[in-house]
Amino acid sequence: MMWKIVFALLSALLAVEGSLVGGATDIDIHNDDVQNALNFAVGQHNRGNNDMFLRQAAEVIKAQVQVVSGLKYILTVKMVKTNCRKNNFDEVCDVKNLPANAPTYQCTFAVWSRPWLNDIRMTEEKC
């Protein structure tokens with residue numbers, strides 16, 4: 001377990017090599033840690049709104065990471081309202097099944113992860 005944490009922190013440090021120390025730097029949107037942060041942020045976004053329908057990420061526009069006392073992921077995401085109800089857990093809800101012209105809105109999420117403490121939180125949400 002500890003080697004995974006060390007690897008994650010070293011990967012983040014290598015990602016920011018050559019950039020401003022302490023500053024945010026771009027990271028691959030397909031990175032597993034970015035996808036985990038995105039899934040967490042979308043889940044928190046759904047918990048925080050009163051709509052009965054789930055919202056999902058239609059597209060990740062930009063992903064950045066910043067080394068703080070942990071890792072801070074800054075995600076700019078196009079979100080879309082799905083036809084899936086929040087309380088229907090058996091329903092398969094896929095953005096690909098929505099019409100191409102489904103209205104989207106943009107959100108920026110900041111997710112702070114401290115894997116050695118098994119702690120993750122959303123510190124900012126702007127939609």
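Two residues are in contact here when they have heavy atoms within 4.5 Å of each other. The structure described is a predicted model.

**Overall build**

The protein has 127 residues, and 35% of them count as buried. Its secondary structure consists of 2 helices and 5 strands, which follow the order α-β-α-β-β-β-β along the sequence. Among contacts in the protein with a separation of 6 or more, 60% are between residues 24 or more positions apart. The accessible surface is about 8,200 Å², and carbon and sulfur atoms account for 53% of that surface.

**The nonpolar core**

The largest nonpolar core holds 17 residues. Within this core, Tyr73 and Leu75 touch the most other members. At least two core residues come from each of helix H2 (32–48), strand E2 (53–68), strand E3 (70–85) and strand E4 (104–114).

Which residues does Tyr73 contact, leaving aside its neighbours within four places in sequence? The partners are Asp33, Val34, Ala37, Gln64, Val65, Phe109, Ala110, Val111 and Ser113. By the residue ranges of the elements, Asp33, Val34 and Ala37 fall in helix H2, Gln64 and Val65 fall in strand E2, and Phe109, Ala110, Val111 and Ser113 fall in strand E4. Tyr73 itself lies in strand E3.

**The disulfides**

The protein contains 2 disulfides. With bonded cysteines counted along the chain, the pairing pattern is 1-2, 3-4. The two bonds are listed below.

| Disulfide | S to S distance | Torsion about the S-S bond |
|---|---|---|
| Cys84 to Cys93 | 2.3 Å | about 110 degrees |
| Cys107 to Cys127 | 2.0 Å | about 110 degrees |

The torsion of the bond between Cys84 and Cys93 is about 110 degrees, so this disulfide is right-handed. Both Cys84 and Cys93 are buried.

The bond between Cys107 and Cys127 also has a torsion of about 110 degrees and is therefore right-handed. This pair links distant parts of the chain, 20 residues apart: Cys107 is in strand E4, while Cys127 is in the segment after strand E5 (119–126).

Are Cys107 and Cys127 buried or exposed? Cys107 has a relative accessible area of 0% and is therefore buried, since the cut-off for buried is under 20%. Cys127 has a relative accessibility of 58% and so counts as exposed, because exposed means over 50%. This disulfide thus joins a buried cysteine, Cys107, to an exposed one, Cys127.

How values were computed:
Residues are numbered from 1 along each chain as its sequence is written. This is a predicted model: local features need pLDDT of at least 70, side-chain atom pairs count only at pLDDT 80 or more; totals for chains, interfaces and linings use all residues. Side-chain values use heavy atoms; hydrogens and water are left out. A nonpolar core is a set of buried Ala, Val, Leu, Ile, Met, Phe, Trp, Tyr and Cys residues joined through side-chain atoms within 4.5 Å. Buried means under 20% relative accessible area, exposed over 50%, partly exposed in between (1.4 Å probe, protein chains only). Helices (H or I, at least four residues) and strands (E, at least two) are DSSP runs, numbered from the N terminus. Accessible areas come from the Shrake-Rupley method with a 1.4 Å probe; for residues, only the protein chains shown count as cover. A disulfide is a pair of cysteine sulfur atoms within 2.5 Å.
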